[in-house]
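Please read this report beside the sequence and the coordinates. It goes from the chain as a whole to single residues.

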Amino acid sequence: TNKQNRYKVDVNAQYYKLHGVGVVSDNCNLICVEGGAKSLGKFQKLLLRRIKWNAAAKDDDADDDDDDDEEEKDEGANSCQLVWQGKLIKPNFPEFKFEVARSEGQARDLLRRRNVEHYWDLVKNFEPE
């Protein structure tokens with residue numbers, strides 16, 4: 001993911017008062033959000049329609065931050081897919097924030113802390129239509 005898209009997701013999640021996590025891994029990223037129906041609908045439109053996931057940020061090559069390590073080299077492979085949506089009994093996240101996972105095991109551990117490890121399994125086993 002590039003910094004510009006990550007910023008858009010983070011700012012809009014906080015604007016709509018959503019809770020959740022964005023897990024940035026080497027080969028797969030996961031955005032999990034919880035909140036009200038109206039806020040989730042607007043956020044879903046942002047992710048699925050408005051953000052251009054294949055657009056490369058112009059200043060990513062100039063910065064040498066650790067966050068650039070997760071950026072995918074093949075720009076044609078970037079996309080955003082809705083894997084699951086539904087109602088939960090209780091919220092699992094106190095706020096929205098991004099977490100960087102250097103490996104798949106570390107990503108699973110990040111989600112295991114909130115008892116939502118199965119979200120990673122859903123993403124890994126998802127086949128787009």
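Helices and strands here are DSSP runs, numbered from the N terminus: helices are H or I runs of at least four residues, strands are E runs of at least two. The model is predicted.

**Overall layout**

The chain holds 4 helices and 3 strands. Read from the N terminus, the order of elements is α-β-β-α-β-α-α. Of the 129 residues in the chain, 31% are buried. Among contacts with a separation of 6 or more, 70% join residues that lie 24 or more positions apart.

**The start of the chain**

Asparagine 2 sits in the segment before α1. Its relative accessible area is 6%, so asparagine 2 is buried; the cut-off is under 20%. The side chain of asparagine 2 reaches the backbone nitrogen of glutamine 4 at 3.2 Å.

**The strands**

Strand β1 covers residues 19–24, and 5 of its 6 residues are buried. β1 has two partners to consider, β2 and β3.

Strand β2 spans residues 29–34 and runs antiparallel to β1, with 6 bridges between them. The two strands form a hairpin, with 4 residues between them. Within this pairing, histidine 19 stands opposite glutamate 34 in β2.

Strand β3 takes up residues 96–100 and pairs with β1 in the parallel sense, over 5 bridges. Here valine 24 has valine 100 of β3 as its bridge partner.

In a regular strand, side chains alternate between the two faces of the sheet.

**Helix α2**

Does the end-to-end distance of α2 agree with or depart from the expected span? Helix α2 runs over residues 37–50, which makes 14 residues. At 1.5 Å a residue, the expected span is 20 Å. The C-alpha atoms at its ends are 19 Å apart, so the two values agree.

Which residues of α2 are buried? They are Ser39, Phe43, Leu46 and Leu47. Seen down the axis of α2, these buried residues fall within an arc of 85°, and therefore they line one face of the helix. An α-helix has 3.6 residues a turn, so residues three or four places apart point the same way. On the other side of α2, Ala37, Lys38 and Arg49 are exposed. The cover over the buried residues of α2 includes α1 (3–15) and β2.

**Helix α3**

Helix α3 takes in residues 104–112, and its buried residues are Ala107, Leu110 and Leu111. Viewed down the axis of α3, they fall within an arc of 95°, so they too line one face of the helix. Their cover includes β1, β2, β3 and α4. Strand β2 thus appears in the cover of α2 and in that of α3.

**Valine 123 and the cysteines**

Helix α4 spans residues 118–125 and contains valine 123. Valine 123 has 15% relative accessibility and therefore counts as buried. Leaving aside neighbours within four places in sequence, valine 123 is in contact with Cys28, Leu30 and Val83. Valine 83 is 40 residues away along the chain, yet the C-alpha atoms of valine 123 and valine 83 are separated by 6.7 Å.

Cysteine 28, one of the contacts of valine 123, is buried at 15% relative accessibility. Cysteine 80 has a relative accessible area of 24%, so cysteine 80 is partly exposed. How many disulfides does the chain have? The count comes to 0, with a cut-off of 2.5 Å between cysteine sulfur atoms.

**Positive phi in two loops**

Lysine 17 is found in the loop between α1 and β1. Phi of lysine 17 is near 60°, a positive value in a residue other than glycine. Asparagine 115 is found in the loop between α3 and α4. Asparagine 115 has a positive phi of about 60°, although it is not a glycine. Lysine 17 counts as exposed, and asparagine 115 counts as exposed.

The table gathers the relative accessibility of residues named above.

| Residue | Relative accessibility | Class |
|---|---|---|
| Asparagine 2 | 6% | buried |
| Cysteine 28 | 15% | buried |
| Valine 123 | 15% | buried |
| Cysteine 80 | 24% | partly exposed |
| Asparagine 115 | 63% | exposed |
| Lysine 17 | 66% | exposed |

Note on methods. Residues are numbered from 1 along each chain as its sequence is written. This is a predicted model: local features need pLDDT of at least 70, side-chain atom pairs count only at pLDDT 80 or more; totals for chains, interfaces and linings use all residues. Side-chain values use heavy atoms; hydrogens and water are left out. Buried means under 20% relative accessible area, exposed over 50%, partly exposed in between (1.4 Å probe, protein chains only). Two strands pair if DSSP finds at least two bridges between them. The expected span of a helix is 1.5 Å times one less than its number of residues. The arc is that of the directions from the helix axis to the C-beta atoms. Contact means heavy atoms within 4.5 Å. A polar contact is a pair of N or O atoms within 3.5 Å; within protein, one must be able to donate a hydrogen and the other to accept it, and residues adjacent in sequence count only if both atoms are side-chain atoms.
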